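Grab a coffee and open your viewer. Here are some exercises to work through with the model on screen, each with a solution you can follow step by step.

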Amino acid sequence: MNYVALTPETPLRVEKLVSVHYFEYSSSYYFEGESHDFWEFLYVDKGELDVRAGETIHHMKKGEIIFHRPGEFHSLAANGRVAPNLVVASFVCDSPAMHYFEGRTMCITDTDRAILAQIVMEADCAFSTPLNDPQTMQLERRTGPDTLFGAEQMTVIGIENLLIRLRRHGAEPQPAPGQTSYIRERMQQEFIDRVRAYFEENLSRKLTLADICRDNLVGRSYLQKIFREKTGGGAMEYFGQMKIEAAQEMIREGSHNFTEIASLLGYNSIHYFSRHFKKVTGMTPSEYASSVKALTRKTRSGL
């Protein structure tokens, strides 16, 4: 049989990466502006600011993204009241499809925000250049045995993924009035699923609300609101319950003692682990282990 390989079309391909930043500016920050021969986007993660693109000034708020085409002069200024946090990435992309983004500002979805968070995380793993240094002129690769495999490529893939998604958004018809609540519900569930996956990847860490918000590019009030609506409790409470579920599984497997389980799940001490375990389950780890053994004996005896 003669198989014929297909070369996939790549309508949006990032050829080179110039910079990736996450800035936390003061409410009085001002950047006098620049122009360069590559693309750049700016996403407002928190706060608001005024962005000049050519001759137009855009008042940007949280959740909005703006694109600067090559050669376009751009500057920005905080409004003196609200301190902005920004994700900024610049890259070379000669694809004709990029014309779609010229002069555009857009609102992004929770899924897009997750992709932005992934871009920032992968860039932080790939490069030793500080993400908060506005004077960065060249990215420097991390070296050594702890370098995360494929981080540079994942950064570029993330940018391409975001561009394709945003381009698709523009081609999608606007939802009918009756569909709005369904779409909102779907987006909220996608957000919960995304944060849960993040929790699963970080069960060994001592996460704080600030960590969760930063790593997922989400505000504290929105995070707590959605978790309370969907789970009946806060995000930290949900994370704690996931830790205890993992602990119960480890106890049933019998491969670790309680001290090891506490350490693997990021607890400061066996005593804190035991208190939290009892608070969630109503039993101490020892009582739970005994109940599992008792149930096993009953099952084997056919009772």
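What follows is a set of six exercises, each with its solution.

A quick word before you start: this is a predicted model, where local features need pLDDT of at least 70, side-chain atom pairs count only at pLDDT 80 or more, and totals for chains, interfaces and linings use all residues. Residues are numbered from 1 along each chain as its sequence is written, and side-chain values use heavy atoms, with hydrogens and water left out.

**Exercise 1. Get your bearings.**
Find how many helices and strands the chain has, and what share of its residues is buried.

*Solution.*
- Step 1: count the elements. You should get nine helices and nine strands. Both are DSSP runs numbered from the N terminus: helices are H or I with at least four residues, strands are E with at least two.
- Step 2: check burial. Of the 303 residues, 42% count as buried. Buried means under 20% relative accessible area, exposed means over 50%, and partly exposed is in between (1.4 Å probe, protein chains only).
- Step 3: look at the extent. Along the principal axes, the C-alpha atoms fill a box of roughly 80 × 70 × 55 Å.

**Exercise 2. Lay out a sheet.**
Work out the order of the five strands in the open sheet, and say which strands sit at its edges.

*Solution.*
- Step 1: trace the order, which is β1-β8-β3-β6-β9, with antiparallel pairing. Two strands pair if DSSP finds at least two bridges between them.
- Step 2: find the edges. These are β1 (16–24) and β9 (105–107), each pairing on one side only.
- Step 3: look at the twist, which averages 15 degrees from one strand to the next.
- Step 4: zoom in on one pair. Strands β3 (residues 39–46) and β6 (residues 64–68) run antiparallel and are joined by four bridges. In β6, His68 is the bridge partner of Glu40.
- Step 5: add a helix. α1 lies across β1, β3 and β8, and runs at about 105 degrees to β1. For such angles, axes are lines fitted to C-alpha atoms (for helices, over the stretch in contact), and angles run from 0 to 180 degrees between N-to-C directions.

**Exercise 3. Inspect one residue of the sheet.**
Is Asn85 buried or exposed?

*Solution.*
- Step 1: place Asn85, which lies in strand β8.
- Step 2: check its relative accessible area. At 10%, Asn85 is buried.
- Step 3: list its partners beyond four places in sequence. Among them are Tyr22, Phe23, Tyr43 and Val44. Contact means heavy atoms within 4.5 Å.

**Exercise 4. Compare two long-range salt bridges.**
Which parts of the chain does the pair Arg81 and Glu48 tie together?

*Solution.*
- Step 1: confirm the pair. The side chains of Arg81 and Glu48 meet in a salt bridge at 3.6 Å, N to O. The term means a side-chain nitrogen of Lys or Arg within 4 Å of a carboxyl oxygen of Asp or Glu.
- Step 2: place both ends. Arg81 lies in the loop between β7 (74–78) and β8 (85–92) and Glu48 in strand β4 (residues 48–53), so the pair ties together parts 33 residues apart in sequence.
- Step 3: check accessibility. Arg81 is exposed at 62%, whereas Glu48 is buried at 17%.
- Step 4: turn to Arg142 and Asp124, which form a salt bridge with their closest N and O atoms 3.8 Å apart. Arg142 is in the loop between α1 (110–126) and α2 (151–171) and Asp124 in helix α1, 18 residues apart.
- Step 5: check these two as well. Arg142 is partly exposed at 35%, and Asp124 is partly exposed at 38%.

**Exercise 5. Follow a network.**
Which residues join Arg214 and Asp215 in one network of salt bridges?

*Solution.*
- Step 1: start with the Arg214–Asp215 salt bridge, whose closest N and O atoms are 3.1 Å apart.
- Step 2: extend it. Salt bridges that share partners bring Arg205 and Asp211 into the network with Arg214 and Asp215.
- Step 3: put it in context, with twelve salt bridges in the structure.

**Exercise 6. Pack two helices.**
At roughly what angle do α4 and α5 cross?

*Solution.*
- Step 1: read the geometry. The axes of α4 (residues 209–216) and α5 (residues 220–231) come within 10 Å and cross at roughly 100 degrees.
- Step 2: name the arrangement. α4 and α5 are roughly perpendicular; the cut-offs are under 35 degrees for roughly parallel, over 145 for roughly antiparallel, 65 to 115 for roughly perpendicular, and oblique for the rest.
- Step 3: find the contact. Leu209, Ala210, Ile212 and Cys213 in α4 meet Arg220, Leu223 and Gln224 in α5.
- Step 4: visit the loop between α4 and α5, where you'll find Leu217. Leu217 is not a glycine, yet has a positive phi of about 50 degrees, and is buried at 2% relative accessibility.
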